[in-house]
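Work through the exercises below with the sequence and the model side by side. Try each task before reading its solution.

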Amino acid sequence: MTSLHIQDVSRSFGDVTALAGVSLEIRQGEFFALLGPSGCGKTTLLRILAGFESPDGGRVTLDGADLLALPPHRRPVNLMFQSYALFPHMTVAKNVAYGLERERLGRAEVRRRVHDVLETVGLTAEAGRRPHRLSGGQRQRVALARAIVKRPRVLLLDEPLSALDKKVRAEMQLELKRLQNEVGITFVVVTHDQEEAMSLADRIAVFKEGRVEQIDAPVTLYERPGTPFVADFVGANNLFTGTAGEGGVDVPGIGLLPCDADVAPGTPVLLAVRPEKVRIGEGGRLSGVVVDVSFYGGVSHVSVGVEGRSGPVLVATQGATRVTSGSPVSLGWAAGDAVLIAQ
Ligand SMILES: Nc1ncnc2c1ncn2[C@@H]1O[C@H](COP(=O)(O)OP(=O)(O)OP(=O)(O)O)[C@@H](O)[C@H]1O
Ligand SMILES: [Mg+2]
């Protein structure tokens with residue numbers, strides 16, 4: 001079932017095109033991520049959905065009803081800003097209650113809902129504290145509690161975890177997922193961190209310069225990128241420009257590289273191979289010299305300089321690797337592990 005239907009939405013600011021005709025369908029209860037580099041229009045789209053910005057053109061419906069016709073406070077949508085501002089002089093409970101009190105709900109009802117939501121985000125013990133006595137992760141939880149206590153149908157989150165350090169961020173990612181599951185609200189999360197988008201979302205829309213490049217589940221996006229931009233932006237990739245040949249891709253200066261080519265010979269293509277699919281060993285199609293080995297605990301990253309190619313080929317191996325800088329190596333991969341992308 002489609003919940004939020006965004007059709008051909010555009011918005012310019014003077015000469016800058018922030019959104020150039022964006023169409024998306026977000027399902028009821030879905031955890032949906034908008035992913036893209038800085039300035040590609042993510043915040044602008046959220047602000048349009050929340051009603052703080054008007055599009056130049058396009059339509060947005062929520063369960064079939066025109067969303068754009070409603071003023072911001074009448075929309076069943078809540079936006080958690082890129083920098084969430086808590087009221088410093090109010091306790092956690094007051095911060096969360098604030099939006100409900102403005103809706104003139106009864107005091108008992110407000111108290112009950114604040115209590116329930118603080119329990120959901122694990123802040124019952126901190127209800128009486130002021131924000132400056134909370135950790136970054138706890139403040140984040142208050143902001144989330146404040147956003148969900150009004151029970152929006154859609155919760156829009158703009159870079160919700162960007163202020164947190166890596167460890168707290170990882171914890172909060174799990175927390176966000178659990179929360180979304182529990183409250184059943186449709187979440188639309190903006191991030192420019194592709195790992196975060198992949199770990200959180202049911203589906204991801206990749207944006208580039210105000211346009212949607214690809215919408216897919218994380219695994220599909222990773223394994224079958226549909227455009228050169230997505231192949232490069234989502235995860236590390238080794239990209240080779242060439243033309244489709246018999247049983248592979250002909251790369252100038254390098255030769256025929258393995259790939260299950262399903263396009264007409266001679267077609268210009270990009271060949272993409274993930275670092276974890278590249279094998280170091282005998283009989284590979286590429287030969288080169290190791291220029292760097294970095295050990296990251298669970299994996300090692302090996303950079304290999306290959307003649308005829310400007311940047312190194314990246315290889316990721318499980319655990320520690322035996323190769324060392326300066327060693328000549330041969331690289332290969334299974335044809336089925338390489339992806340062909342039309343140029
Ligand atoms: N009010 C405004 N006036 C002028 N230009 C704007 C305004 N709001 C956004 N822009 C421009 O529109 C483009 C898209 O901005 P937006 O904030 O949507 O990007 P973003 O994808 O959220 O980026 P970031 O990841 O840096 O937050 C940018 O070039 C930005 O400078
Ligand atoms: Mg932004």
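**Warm-up: one alanine**

Leaving aside residues up to four places away in sequence, A97 touches V110 and V114. Two residues touch, or are in contact, if their C-beta atoms, placed from the backbone, lie within 7 Å.

The model is predicted: local features need pLDDT of at least 70, side-chain atom pairs count only at pLDDT 80 or more, and totals for chains, interfaces and linings use all residues. Residues are numbered from 1 along each chain as its sequence is written, while chains are lettered from A and ligands numbered from 1 in the order in which they are written.

**Exercise 1. Place A97 in its element and classify its burial.**

Step 1. Find the element. A97 lies in helix α2, residues 92–102. Helices (H or I, at least four residues) and strands (E, at least two) are DSSP runs, numbered from the N terminus.

Step 2. Apply the burial cut-offs. A residue is buried if 20 or more other C-beta atoms lie within 10 Å of its own, exposed if 12 or fewer, and partly exposed in between; the C-beta atoms are placed from the backbone.

Step 3. Count. A97 has 22 C-beta neighbours inside 10 Å, so A97 is buried.

Step 4. Look along the chain. V149 is 52 residues from A97 in sequence, yet their C-alpha atoms are 8.0 Å apart.

**Exercise 2. Which residues of α3 are buried, and what do they pack against?**

Step 1. Check the length. α3 has 14 residues and reaches 20 Å from first to last C-alpha, close to the 20 Å expected at 1.5 Å a residue. The expected span is 1.5 Å times one less than the number of residues.

Step 2. List the buried set. In α3 these are V110, V114, V117 and L118. Seen down the axis, they fall within an arc of 100 degrees, so they line one face of α3. The arc is that of the directions from the helix axis to the C-beta atoms.

Step 3. Recall the geometry. An α-helix has 3.6 residues a turn, so residues three or four places apart point the same way.

Step 4. Turn the helix over. A108, E109, R112, D116 and E119 are exposed on the other side of α3.

Step 5. Name the partners. The buried residues of α3 pack against α2 and α4.

Step 6. Go past the end. Just after α3, G122 takes a positive phi of about 75 degrees.

**Exercise 3. Repeat the analysis for α5.**

Step 1. Test the span. α5 covers residues 166–183, and its 18 residues should span 26 Å at 1.5 Å a residue; the end C-alpha atoms are 25 Å apart, which agrees.

Step 2. Find the buried residues. They are M172, L176, L179 and Q180 in α5. They cover an arc of only 95 degrees around the axis, which puts them on the same side of α5.

Step 3. Check the opposite face. Turned away from the buried side of α5 are the exposed residues K167, L174, N181 and E182.

Step 4. List the partners. The buried residues of α5 pack against β3 (31–35), α3 (107–120), α4 (136–148), β8 (186–191) and α6 (194–200).

Step 5. Read the next turn. G184 follows α5 and has a positive phi, near 65 degrees.

**Exercise 4. Find positive phi values outside glycine, and classify the burial of each residue.**

Step 1. Take R151. Its phi is near 50 degrees. R151 sits in the loop between α4 and β7 (154–158). It has 13 other C-beta atoms within 10 Å, so R151 is partly exposed.

Step 2. Take E209. Its phi is positive, about 45 degrees. The loop between β9 (203–208) and β10 (211–216) holds E209. With 15 C-beta neighbours inside 10 Å, E209 is also partly exposed.

**Exercise 5. Which residues surround ligand 1, and which helix gives the most to the shell?**

Step 1. List the shell. A residue belongs if its C-beta atom, placed from the backbone, lies within 6 Å of the molecule. The shell holds F13, V16, A18, G36, S38, G39, C40, G41, K42, T43, T44 and H192.

Step 2. Assign elements. β2 (16–27) and α1 (42–50) each supply at least two shell residues. α1 gives the most, with three.
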